[in-house]
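Please examine the sequence and the model shown below. The paragraphs that follow lead from one surface residue to the sheet, the loops and the charged pairs.

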Amino acid sequence: MQKFEWSRVAILQQAEEVFISTVEDLEARCKEAGIEIVTRQSFLSDPADAVRNLKRQDARIIVGLFYVVAARRVLCEVYLQKLFGKSYVWFFIGK
């Protein structure tokens with residue numbers, strides 16, 4: 001993120017215990033690097049509201065933490081909400 005001089009990121013997280021420590025570590029590293037976390041959205045099974053909130057917050061650099069099954073749902077919602085293309089960067093961290 002520093003290499004590309006990105007100063008604002010968003011986090012989309014599946015509400016699973018396993019991702020909490022990863023998110024906390026990511027938040028700490030962003031704070032140290034002076035990178036603002038615009039929003040942190042989480043979801044249980046349906047990511048529609050969380051993705052919609054990312055769009056409302058004008059998130060452009062998004063870090064996603066979720067399992068493969070949830071990733072399919074997220075990507076479908078990203079397509080429906082049009083949060084893809086040259087104006088967006090997605091990072092997926094999962095299992």
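In which helix does leucine 80 lie? The model is a predicted one, and in it leucine 80 belongs to helix α3, which comprises residues 68-81. Its relative accessibility is 58%, so leucine 80 counts as exposed, the cut-off for that class being over 50%. Leu80 also takes part in a nonpolar surface patch together with Tyr79 and Phe84. The accessible area of these residues together is about 370 Å².

A wider view of the chain may begin with the record. An unreviewed UniProt entry carries the annotation "domain: Receptor ligand binding region" for residues 1-91. Over residues 1-91, helix accounts for 44% of the chain and strand for 25%, while the C-alpha atoms at the two ends are 11 Å apart.

The strands form an open sheet of four, arranged in the order β2-β1-β3-β4 with parallel pairing. Its edges are β2 (36-43) and β4 (89-93), each of which pairs on one side only. From one strand to the next, the twist averages 20°. Strand β1, residues 8-14, runs parallel to β2 and is joined to β2 by seven bridges. Within this pairing, valine 9 has isoleucine 37 of β2 as its bridge partner.

The backbone outside the strands also deserves attention. Most residues other than glycine have a negative phi. Glutamate 5, which is not a glycine, nevertheless has a positive phi of about 60°. This residue is located in the segment before β1, and glutamate 5 is exposed because its relative accessible area is 70%. Aspartate 58 likewise is a residue other than glycine with a positive phi, near 60°. Aspartate 58 is placed in the loop between α2 (48-56) and β3 (61-65). At 38% relative accessibility, aspartate 58 counts as partly exposed.

Is proline 47, in the loop between β2 and α2, buried or exposed? Proline 47 is buried, since its relative accessible area is 2%, and the buried class is defined as under 20%. Proline 47 and glutamine 13 are separated by 34 residues in sequence, yet their C-alpha atoms are 9.2 Å apart in space.

The charged side chains complete the picture, with five salt bridges in the structure. One of them is formed by arginine 40 and glutamate 27, with an N to O distance of 3.1 Å. Arginine 40 lies in strand β2 and glutamate 27 in helix α1 (residues 17-33), so this pair ties together parts that are 13 residues apart in sequence. Both partners are partly exposed: arginine 40 has a relative accessibility of 38%, and glutamate 27 has a relative accessible area of 25%.

Another salt bridge joins aspartate 49 to arginine 52, whose closest N and O atoms are 2.6 Å apart. Both residues lie in helix α2, three residues apart, or about one turn of the helix. Aspartate 49 counts as exposed at 51% relative accessibility, whereas arginine 52 is partly exposed at 30%.

Aspartate 58, already met for its positive phi, forms a salt bridge with arginine 60, the closest N and O atoms being 2.9 Å apart. Arginine 60 counts as partly exposed, with 34% relative accessibility, and aspartate 58 is partly exposed as well, with a relative accessible area of 38%.

Conventions: Residues are numbered from 1 along each chain as its sequence is written. This is a predicted model: local features need pLDDT of at least 70, side-chain atom pairs count only at pLDDT 80 or more; totals for chains, interfaces and linings use all residues. Side-chain values use heavy atoms; hydrogens and water are left out. Patches are made of residues with over 30% relative accessible area and no salt bridge: like charges are joined within 9 Å, nonpolar side chains (Val, Leu, Ile, Met, Phe, Trp, Tyr) within 5 Å. Accessible areas come from the Shrake-Rupley method with a 1.4 Å probe; for residues, only the protein chains shown count as cover. A salt bridge is a side-chain nitrogen of Lys or Arg within 4 Å of a carboxyl oxygen of Asp or Glu. Buried means under 20% relative accessible area, exposed over 50%, partly exposed in between (1.4 Å probe, protein chains only). UniProt positions are given in the numbering used here, feature names are shortened, and annotations may be inferred rather than shown by experiment. Two strands pair if DSSP finds at least two bridges between them. Axes are lines fitted to C-alpha atoms, for helices over the stretch in contact, and angles run from 0 to 180 degrees between N-to-C directions.
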